[in-house]
Amino acid sequence: MSEFVQFCFSGLTVGAIYASVALGFTLIYNASGVINFSQGEFVVIGGMTTAVLIASGVPIWLAAPIAIIAAVIAGMTLYKLAIEPARGAPLVTLIIITIGASIFLRGLMQTVFDKQIHRYEGFSGEQSIAIFGAALLPQSIWILGGSLVVFVLLVWFLSRTKAGNAIRATSSDILAAKLAGINTNSTMMLAFALSAATGALAGVLATPVTFTSYDAGVLMALKGFAAMMLGGVGSPAGALIGGILIGLIEAFTAGYISSDYKDAAAFLVIFLVLFFMPGGLFGMVRVERV
Amino acid sequence: MKRFLAATTILATLCAPAIAEIKIGATLAITGPASFLGDPEAKSLKMVVDQVNKAGGINGEMIKLIIYDDGANPNKARTFAIRLIEEDEVVAVVGASTSGTTMALIPLFEEAEIPFVSLGGAIAIIDPVKSYVFKTPHTDRMACSKIFEDIAARGMKKVGMISGTGGFGASMRKQCLEIATATGIEVVADETYGPKDADMTPQLTNIRNAEGIQAIINPGFGQGPAVVTRNYAQLGIELPFYQSHGVASNSYIELAGKASEGVRLPATALLIPDLMAADDPQKEVVLNYISSYTEMTGEPVSTFGGYAYDGLRLVLEAIRAKGSSKPKDIRDGLEEIQGFAGVTGVFNFSATDHLGLDLSAFRMLEIRDGGWTPAK
């Protein structure tokens, strides 16, 4: 019993991190149809900036917002300098631009920060809490809570606010959105800014558990992308459930089968789901009217 | 063609009149995934050359260092090695930072007959012995021997292992399993994790539940061991815990925090300069290296920079002792080096041993109050 709970805690913690990366993917995808492969770098900007600020004596409640603002600036700059000038280009081109941007950001972080691994103390200390004979880190609750809050805010934002509706309209038909008086450029910029903020928040929350370094974003983006595919591209609920499912599959495979097959098992499940449900668990099948 | 070029290179070197410059080459992973190795290595090499040239060179000749950055890519490393041999006409080469790049270069230097002092860890570099290939880092097999020696001395019989799946962890895991069989210690749990994984509590839960387990060993590199150490504390495991020489640096203690208290690992003298006995043969060279490196770079020293520091100093010692900078003489000179105190250990090369270190190069350390102490 205590093992089972322990594996659950492990899976939920790791899964919530994947989910929060996937939520960032979802936001940009919903605005532009672009999968932003520099999403992992936003996570690292969040974690690294916080770590460096804390190391120089800034308290966490101040360091975290600064880190998120830094990522938002990076996200908006990325859109302004790299995506906007290429707006007419096909989607694949835009996606490749984001891959280029991620390599650029990694190089930049090597020089702005360093090549070392960083971490800082968990927000509520390091003493683990015993539940059913299993040990849970307080930071895990922060991470889980953080991704739930981001999820709720995201759903509310996309469906209940004017700006959110503008984002969805832009994604569905950019010309129609323009005709309806939506400033699609600033709408896209908003999506990049929010997605950078989401990523950076994930980084701020996760770094005490995952650690961070200039190149940590690659794996983050890969797992987050896998989570989004599993849950269904573009669906916030899919991103959340997909991330947590992958985390749980990894933890249970490592615990009950063999740690060697941990990653393989997660990708096997994704493969099977996509084989039978090509849209993912919560994906909408797009109907094209001709 | 390559053979011809190599042969002419050697002829040219042999026929050249006494040059006032000794050219030594290096191809290191200064950038890229192994930059944590190549960066301090390159800085250490430059430092040695500066120091030696300021003091008047070796045998009255100045040293010229030619460094290339191969980014740990074996193909690039090969290109640079050929350039070092054919264009730069170096008399000896220090480096390739990783075992992978080293293995790709060995045939080139063997054929060109240029002494090659590798900074890679794998035992395959010098076993079997190749006439022109040497190396300065101790092997992971030696680290395993040191750990199992300590475990046996504490009277423990059953251990668990949790290893990283990266090159370092995978290779060391294999060596440790072999050493365990040889010393009669049973490995009752054998788990792995990915180098960038964020949580290893499932693996550790299984290891803790293994019957009769008395100690845990974690061969790994980078952030993985620090995460394992934190998870170990999170689960409240009380068993003796061994890390490898791969995390023998202060950044491991910083990352793992209080959880690292009581962890034991085999490491070089570089970590405990102040705790060395006054008559320790390495004391002077270690203190020298630490003070000049930190003064030059403003960064703390690392074991890896020490490998390069020793490698170049060994080559220069061979040149000095032989009074010649011909590649053949350097090779012979290296093989004759005895009792040479380096940062990594005391080197005793021979025709059958091109590593020259024994287990005494490793000291078993224990982390106490956030610092290193010799384990008792």
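Helices and strands here are DSSP runs, numbered from the N terminus, with at least four residues for a helix and at least two for a strand. The model you are looking at is predicted. Let's work through it together.

**Exercise 1. Describe the make-up and overall form of chain A.**

Step 1: Walk along the chain. From the N terminus on, the elements of chain A run α-α-α-α-β-β-α-α-α-α-α-α-α.

Step 2: Check the tally. Chain A has 11 helices and 2 strands.

Step 3: Look at the extent. The C-alpha trace of chain A spans about 60 × 50 × 35 Å along its principal axes.

Step 4: Compare with a globule. A compact globule of 290 residues would have a radius of gyration near 19 Å, and chain A agrees because its own value is 19 Å.

Step 5: Turn to the inside. In chain A, 53% of the 290 residues count as buried. Among contacts in chain A with a separation of 6 or more, 76% join residues 24 or more positions apart.

**Exercise 2. Find the domains of chain B and say how they meet.**

Step 1: Mark the bounds. Domain 1 of chain B covers 2–138 + 283–360, and domain 2 covers 140–267.

Step 2: Place their centres. The C-alpha centres of domain 1 and domain 2 of chain B lie 32 Å apart.

Step 3: Inspect the contact. Here 8 residues of domain 1 of chain B touch 10 residues of domain 2 of chain B. On the domain 1 side, these residues are 4 nonpolar and 4 polar, with no charged ones.

**Exercise 3. Work out what chain B brings to its contact with chain A.**

Step 1: Count both sides. Chain B provides 24 residues and chain A provides 26 residues.

Step 2: Name the elements. Those of chain B giving two or more residues are α2 (35–54), β7 (186–193), α7 (201–209), α8 (224–234) and α9 (250–256). The most comes from α7(B), with 5 residues.

Step 3: Sort by character. The chain B side divides into 8 nonpolar, 13 polar and 3 charged residues.

**Exercise 4. Explore the largest nonpolar core.**

Step 1: Start from a general idea. In soluble globular proteins, nonpolar side chains tend to be buried together.

Step 2: Identify the core. The largest one has 201 residues, and those with the most contacts inside it include Ala71(A), Ile24(B) and Val315(B).

Step 3: Trace its sources. Helix α1 (residues 2–32) of chain A gives the most, with 17 residues. The core also draws at least three residues from each of domain 1 and domain 2 of chain B.

Step 4: Zoom in on one residue. Beyond its neighbours within four places in sequence, Val315(B) is in contact with Ile24(B), Ala92(B), Val94(B), Pro115(B), Val117(B) and Ile330(B).

Terms used:
Residues numbered from 1 in each chain as written. Chains lettered and ligands numbered in written order. Predicted model: local features only at pLDDT ≥ 70, side-chain atom pairs only at ≥ 80, totals over all residues. Contact = placed C-beta atoms within 7 Å. Nonpolar A, V, L, I, M, F, W, Y, C, P; charged D, E, K, R; others polar. Domains from an automatic or database assignment. Core = buried A, V, L, I, M, F, W, Y, C linked by C-beta atoms within 7 Å. Buried ≥ 20, exposed ≤ 12 C-beta atoms within 10 Å, placed from the backbone. Rg over C-alpha atoms; globule rule 2.2 N^0.38 Å.
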